Amino acid sequence: MSNNEIQYPGTLFVFAAPSGAGKTSLVKALLENMDGISVSVSHTTRAMRPGEEDGIDYHFVDIPTFEQMAGQDAFLEHAKVFDNYYGTSRTGIEQQLALGMDVILEIDWQGAAQVRKLMPETVGVFILPPSREALEERLRGRGTDSEEIIARRMRDAQSESSHYSEFDYVVINDDFDTALAELQAIVTCRRQRLAAQTWRHGKMLKALLA
């Protein structure tokens, strides 16, 4: 088959960050500003919340179904959080990558480690706040958490942030636009790798060098 019939595989990106670092907002903006990239939709056993859609926000399944999938190694990573299971479908990711799509997983550092064991080519990006003070200000600015929850999130953030060195890239979300530009640069750089460009422009390169 020719290069036009088979897409060069996309890249799997793992984005991790402590709560309050701004990861969700950055990912949303990244999707709005770049083509050919999507966010993986996880499976979960928690109840659907008002306004959520099955297959859009999550794939909602019952516990027996989830456990059966886990037993069949259907997940790249999965975990139990507050009595609910969450997991990333291996088949779903592989299908999107095979179509040439770049895919983002928004998971924690532990899930990222699981994924990279199974897919070593995964690119890890850790997003950090500029300071503890800025993080606490952002958490308080939500206006939804109690003092106890904010204190717990701050403790968790310190623990989670200590794993930044296990990732390929670190982005400091001080200025939002700057952080977004850095994320775009990471994705663009990955797309310009020699193997990918040789695949996409093979005919042009051969003609150029003939």
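In this predicted model, the largest pocket has 46 residues in its lining, and those nearest its centre are Lys-23, Tyr-58, Glu-106, Ile-107 and Asp-108. Its volume comes out at about 1900 Å³. Several elements chip in with two or more lining residues: the helices α1 (23–33), α4 (109–118) and α6 (147–161), plus the strands β5 (75–81), β6 (84–89) and β7 (102–106). Helix α1 gives the largest share, with six residues. As for chemistry, the lining of this pocket splits into 18 nonpolar, 16 charged and 12 polar residues.

There is also some enclosed space to report. The count comes to one cavity of 30 Å³ or more, and the largest cavity has a volume of about 30 Å³. Around the largest cavity sit Ala-16, Ala-17, Asp-108, Trp-109, Phe-126 and Glu-160. Sorted by class, that lining has four nonpolar residues and two charged ones, with no polar residue in the mix. Asp-108 turns up in both places: Asp-108 is one of the residues nearest the centre of the largest pocket, and Asp-108 also lines the largest cavity.

On to the packing. The largest nonpolar core holds 20 residues, and the ones with the most contacts inside it are Phe-13, Phe-15, Leu-30, Ile-104, Ile-127 and Leu-183. Two or more residues of this core come from each of β1 (12–16), α1, β8 (123–128) and α7 (176–191). Helix α7 supplies the largest share, five residues. Leu-183 shows how this core is stitched together: setting aside neighbours within four places in sequence, Leu-183 is in contact with Phe-15, Leu-26, Leu-30, Val-125, Ile-127 and Val-171. Apart from this core lies another one, of 15 residues, with Val-14, Ile-93, Ile-107 and Leu-128 among them. Ile-107 therefore counts as buried, since a nonpolar core takes in only buried residues, and Ile-107 belongs to this second core.

Thr-44 deserves a closer look. This residue lies in the strand β3 (residues 43–44), and with a relative accessible area of 0% it counts as buried, because the cut-off for that class is under 20%. What does the side chain of Thr-44 have for polar company? A polar atom of this side chain lies 3.2 Å from the backbone nitrogen of Arg-46, and the backbone oxygen of Tyr-85 lies 3.0 Å from a polar atom of the Thr-44 side chain. Not counting residues up to four places away in sequence, Thr-44 touches Tyr-58, His-59, Phe-60, Val-61, Tyr-85 and Tyr-86.

Ser-42 sits in the loop between β2 (37–39) and β3. Its relative accessibility is 17%, so Ser-42 is still classed as buried, given the cut-off of under 20%. With neighbours within four places in sequence left aside, Ser-42 is in contact with Tyr-58, His-59, Gly-87 and Thr-88. Tyr-58 and His-59 thus recur as partners: they appear in the contact list of Ser-42 and in that of Thr-44.

Asn-84 belongs to strand β6. At 22% relative accessibility, Asn-84 is partly exposed, because that value falls between the 20% and 50% cut-offs. Asn-84 and Thr-44 are 40 residues apart along the chain, yet their C-alpha atoms are separated by 7.0 Å. Beyond its neighbours within four places in sequence, Asn-84 is in contact with Thr-45, Arg-46 and Ala-79. Arg-46 therefore links up with both residues, through its contact with Asn-84 and through its backbone nitrogen, 3.2 Å from a polar side-chain atom of Thr-44.

A few local details round things off. Helix α3 (residues 90–98) is capped at its N-terminal end by Ser-89, with a side-chain oxygen 3.5 Å from the backbone nitrogen of Thr-91. Just after α3, Gly-100 adopts a positive phi of about 90 degrees. Asp-73 has a positive phi too, near 55 degrees, in a residue other than glycine. Asp-73 is found in the loop between α2 (63–71) and β5, and at 54% relative accessibility it counts as exposed. Glu-133, in helix α5 (residues 132–141), is likewise exposed, with a relative accessible area of 59%. Glu-133 and Met-154 are 21 residues apart in sequence, and their C-alpha atoms are 10.0 Å apart in space.

Conventions. Residues numbered from 1 in each chain as written. Predicted model: local features only at pLDDT ≥ 70, side-chain atom pairs only at ≥ 80, totals over all residues. Heavy atoms only, no water. 1 Å grid on protein atoms, 1.4 Å probe; cavity = no way out; pocket = protein on both sides within 12 Å on 5 of 7 lines; lining within 4 Å. Points joined across faces, edges and corners; volume = space filled by probe spheres on them. Helix = DSSP H or I, 4+ residues; strand = E, 2+ residues; numbered from the N terminus. Nonpolar A, V, L, I, M, F, W, Y, C, P; charged D, E, K, R; others polar. Buried < 20%, exposed > 50% of the residue type's maximum accessible area, 1.4 Å probe, protein only. Polar contact = N/O pair within 3.5 Å; in protein donor to acceptor, adjacent residues only side chain to side chain. Contact = heavy atoms within 4.5 Å. Core = buried A, V, L, I, M, F, W, Y, C linked by side-chain atoms within 4.5 Å.
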